[in-house]
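Trainee: Got a minute to go through this model with me?
Mentor: Yes. Put it up and ask away.
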Amino acid sequence: MPLPVVDNHAHLDIRRDDDAAGEGLDLQAHVERLITDARAVGVDRIVQIGCDLESAELTTRLVDAHPALLGGVALHPNEAPLHAERGDLEEAYASIERLVAHPRIRVVGETGLDYYRTGPEGRDAQQDSFRWHIDLAKRTGKVLQIHDRDAHDDVLRILAEEGAPEKTVMHCFSGDMAMARECVERGYYLSFAGTVTFKSARELRNALSVVPPEQILVETDTPTSPRRRIGAP
Ligand SMILES: [Zn+2]
């Protein structure tokens with residue numbers, strides 16, 4: 001690539017099931033290999049995202065070990081309702097709050113809403129969690145990264161109600177042109193993943209076309225499915 005590129009959203013602690021070359025590597029060696037591969041194609045910095053408690057903890061260790069990484073931590077929108085159900089959501093929030101204080105954790109994310117994987121019974125917990133993470137990003141001055149799956153209207157509504165943090169990223173943007181315009185007007189960053197290259201993604205390319213370059217980010221959201229967590233070192 002003509003310029004160094006930042007992958008602003010990746011899950012390096014998760015491995016594809018069919019990643020034979022990574023078989024047998026421990027987590028740190030696996031991550032080092034991904035960083036080397038990325039650098040070889042011009043991606044010299046990566047934001048590692050840990051969005052459940054185990055992964056968030058790992059993320060703080062990964063950013064300490066690898067200078068090419070910065071990190072983000074949060075409870076994923078599909079994770080928060082599980083904690084609410086078990087009755088340990090407050091403890092989970094406390095852990096995220098402790099981890100986000102790490103100086104190389106620059107992102108609160110990914111948080112947001114996912115109406116695809118979580119049914120109506122989990123929506124209240126999701127929305128409460130989203131509001132809590134928005135507040136956390138503002139209190140700590142960190143970037144907010146948003147996961148929005150089939151929930152565009154509520155994501156935009158809740159951001160407006162709470163007041164978005166100064167730096168807000170729509171991770172793996174999946175809206176149409178009208179939504180892209182709205183996000184641009186509000187000063188959000190729009191992050192595009194490989195999906196924008198799919199043949200069927202004309203709508204997404206139209207959305208991309210209305211975003212000024214200074215508000216465009218790119219990401220891999222690696223790895224694609226099927227995938228599994230690598231055991232902690
Ligand atoms: Zn992600």
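Mentor: We can take the cysteines, then one of the helices; keep in mind that this is a predicted model.

Trainee: How many disulfides does it hold?
Mentor: Zero. Cysteine 51 is in no disulfide, and the nearest cysteine sulfur, in cysteine 172, is 13 Å away.

Trainee: Why is there no bond for cysteine 172?
Mentor: Because its closest cysteine sulfur, that of cysteine 51, is 13 Å off, which is too far for a bond. The cut-off for a disulfide is 2.5 Å between the sulfurs.

Trainee: And cysteine 51, buried or exposed?
Mentor: Buried, at a relative accessible area of 12%. Cysteine 172 is partly exposed, at 22%.

Trainee: OK, helices. What is the reach of H5?
Mentor: H5 covers residues 123–140, 18 residues, and runs 26 Å from first C-alpha to last, close to the expected 26 Å. Glycine 141 follows H5 and has a positive phi, near 70°.

Trainee: Which residues of H5 are buried?
Mentor: Among them are Phe130, Trp132, His133, Ile134 and Leu136. The cover over the buried residues of H5 includes helices H3, H4 and H6 and strands S5 and S6.

Trainee: How do the axes of H4 and H5 cross?
Mentor: At roughly 25°, coming within 12 Å. That angle is under 35 degrees, so H4 is roughly parallel to H5. The crossing is right-handed.

Trainee: Which residues in H4 meet H5?
Mentor: Tyr93, Ile96, Glu97 and Val100. On the H5 side, the residues they meet include Asp128, Trp132, His133 and Arg139.

Notes
Residues numbered from 1 in each chain as written. Predicted model: local features only at pLDDT ≥ 70, side-chain atom pairs only at ≥ 80, totals over all residues. Heavy atoms only, no water. Buried < 20%, exposed > 50% of the residue type's maximum accessible area, 1.4 Å probe, protein only. Helix = DSSP H or I, 4+ residues; strand = E, 2+ residues; numbered from the N terminus. Expected span 1.5 Å × (residues − 1). Contact = heavy atoms within 4.5 Å. Axes fitted to C-alpha atoms, helices over the stretch in contact; angles between N-to-C directions. Parallel < 35°, antiparallel > 145°, perpendicular 65-115°, else oblique. Left-handed = near helix turned anticlockwise from the far one by under 90°.
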